[in-house]
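Me: I would like a close look at one part of this protein, explained slowly enough for a first-year student. Please start with that part and then place it in the rest of the chain.

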Amino acid sequence: MTHMNWNKFFTGTKDNDHRNDKDETESEDEEDITDSNATASTDKKPYFLGIGFHKFSSNRLSKRCIKFVFIVLNSAMFLAGIVGSVISIWTLTDNLIMSRLIGQRLFVTTLLLISLIASFVSLFGIFGLLKKRRNFLNIYAWCYLLFLCVIFISAIMSFWIFEEIIRRIHADMVSSIRRYDSLPSSKEAWDNTHRYLKCCGINSSNDWAKYSIDIPKSCCSRNIEECLQMTLDVSYKSGCLKNAVLLLKSHVHAISISTVLLFLIALLNFLLAMCILARMN
C-alpha cells in the first residue's frame with residue numbers, strides 16, 4: 001500500500017484527477033452559491049403593499065421634490081411680496097398713519113421696493129423652471145446671491161445702520177419743528193407724534209422755546225381743562241426722539257428673527273436653483 005501511494009504521488013495519475021474533480025466540484029459549488037446569492041438579492045428588492053419600489057428612479061423622485069419645494073417657496077415669497085407691497089402703498093397713501101411718527105416715510109418706501117423686487121424675482125424663477133430657461137434661472141440665482149450678500153453686510157453693519165436711523169429721525173424732527181407754524185403737514189405730524197408716543201418736543205418740551213414757538217396743546221399730559229394754558233408742568237416730560245428710539249428697539253427682536261428667516265429662505269432658494277441648473281447640464 002505504501003509503495004502504491006508513493007507511486008501515485010510521483011506519477012500523479014489518480015490524485016491529480018481526484019484534485020481536478022474536486023476543483024471542478026468546488027467551482028460549480030461557488031457558481032451555484034453566486035447564482036443563489038444573485039437570486040436572493042433580486043428577490044430582496046423592496047416591496048410595499050405589492051408594489052416594487054425599485055421600479056421608481058430615485059433620481060427622478062429627487063428631481064421632482066426639488067422642483068416642488070422650489071415652486072412652493074417662491075410662490076410663498078411672491079405672495080409675501082404682494083402683501084408687503086399692498087401694505088406699503090396703503091401706508092404711504094394714508095396721511096394719518098404716516099403722520100404718527102416723523103421720519104418713517106423712507107423705511108416704508110424701502111419696504112415697498114424690497115417687496116416688489118422679491119415678487120418679481122420669485123416670479124422670474126418659477127417661470128424659468130416651468131419653461132426650462134437657463135438664462136432666467138441664472139439671473140434668479142445671481143439675484144439671490146446678491147440678496148444674501150446684502151443681508152450679510154447689513155447684519156455686520158447693523159449697529160451703524162441703527163445709529164443712522166436715529167440720526168435721520170433726529171434730522172427730520174429738527175427740520176419739521178422749525179416749520180410747525182408755517183407748514184400744516186409738519187404741524188399735523190408733530191401733533192400726532194405727541195399723542196401717539198406721549199412725548200413733547202425732540203428732547204423735551206423746552207425745545208419749543210428754542211424756536212420761539214408756544215408749546216402745542218397736543219403735548220398735554222393731563223385733562224383738557226388744565227391744558228388751556230400750556231406750560232412745562234402740564235406737558236409730557238419725555239422727548240419724542242427718546243420714545244421713538246424705544247419704539248424701534250421694541251421691534252428689534254422681531255426684525256432680527258425676520259432677517260434670519262429671510263436669510264435661510266434665500267439661501268435655500270439659491271441652493272435649489274443651483275441644483276436645478278446642475279441637473280439641466
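At what angle do helix α8 and helix α10 pack, and how far apart are their axes?

Reply: This is a predicted model, and everything below describes that model. Helix α8 covers residues 184-197 and helix α10 covers residues 240-250. The two helices pack at an angle of about 60°, and their axes lie 10 Å apart. How is such an angle described? An angle under 35 degrees counts as roughly parallel, 65 to 115 degrees as roughly perpendicular and over 145 degrees as roughly antiparallel, while the rest are called oblique. The pair α8 and α10 is therefore oblique. Their crossing is left-handed.

Now look at the side chains on α8. A salt bridge joins D191 and K187, with 3.2 Å from N to O. These two residues sit 4 positions apart in helix α8, so about one helical turn separates them. The partners differ in how much of them is covered. D191 has a relative accessibility of 10%, so D191 counts as buried, because the limit for buried is under 20%. K187, with a relative accessible area of 38%, is partly exposed.

After α8 comes a loop that leads to α9 (207-210), and K198 lies in this loop. The backbone angle phi of K198 is near 55°, a positive value in a residue other than glycine. Most residues other than glycine have a negative phi. K198 is also exposed, with a relative accessible area of 53%.

K132 can be read alongside K198. Its phi is near 55° too, again a positive value in a residue other than glycine. K132 is in the loop between α5 (105-131) and α6. With 58% relative accessibility, K132 counts as exposed.

The loop holding K132 leads to α6, which takes part in another helix pair. Helix α6 packs against helix α11 (residues 252-280) at an angle of about 150°, with the axes 9 Å apart. The limit for roughly antiparallel is over 145 degrees, so α6 and α11 fall into that class. As with the pair discussed at the start, the crossing here is left-handed.

Helix α6 (residues 134-156) also supplies the largest share of a nonpolar surface patch, namely 3 residues. The patch is made by F152, I153, I156, M157 and W160, and its area is about 560 Å². One of these residues, M157, is found in the loop between α6 and α7 (158-177). M157 has a relative accessible area of 35%, so M157 is partly exposed.

Next along the chain is α7, and here the theme of salt bridges returns. R167 forms one with E164, and the closest N and O atoms are 2.5 Å apart. The two residues are 3 positions apart in helix α7, which means a separation of about one helical turn. R167 is partly exposed at 47% relative accessible area, and E164 is partly exposed at 28%. A further salt bridge in this helix pairs D172 with R168, where the closest N and O atoms are 3.6 Å apart. D172 and R168 are 4 residues apart in helix α7, so they too are separated by about one helical turn. R168 has a relative accessible area of 34% and is partly exposed. The whole structure holds 5 salt bridges, including those described here.

One more contact ties distant parts of the sequence together. L73 and I265 are 192 residues apart in sequence, yet their C-alpha atoms are 7.8 Å apart in space. L73 belongs to helix α3 (residues 58-93). L73 is buried, with a relative accessible area of 18%.

Finally, here is the overall frame into which these parts fit. The protein has 11 helices and 2 strands. Along the sequence they follow the pattern α-α-β-β-α-α-α-α-α-α-α-α-α. Of the 281 residues in the protein, 30% are buried; D191 on α8 is one of the buried residues. To return to the part you asked about, α8 and α10 pack at about 60° with axes 10 Å apart, which makes the pair oblique.

Technical notes:
Residues numbered from 1 in each chain as written. Predicted model: local features only at pLDDT ≥ 70, side-chain atom pairs only at ≥ 80, totals over all residues. Heavy atoms only, no water. Patch = residues over 30% accessible without salt bridge, like charges linked within 9 Å, V, L, I, M, F, W, Y side chains within 5 Å. Areas by Shrake-Rupley, 256 points an atom, 1.4 Å probe, with all protein chains shown as cover. Salt bridge = Lys/Arg side-chain N within 4 Å of Asp/Glu carboxyl O. Buried < 20%, exposed > 50% of the residue type's maximum accessible area, 1.4 Å probe, protein only. Axes fitted to C-alpha atoms, helices over the stretch in contact; angles between N-to-C directions. Left-handed = near helix turned anticlockwise from the far one by under 90°.
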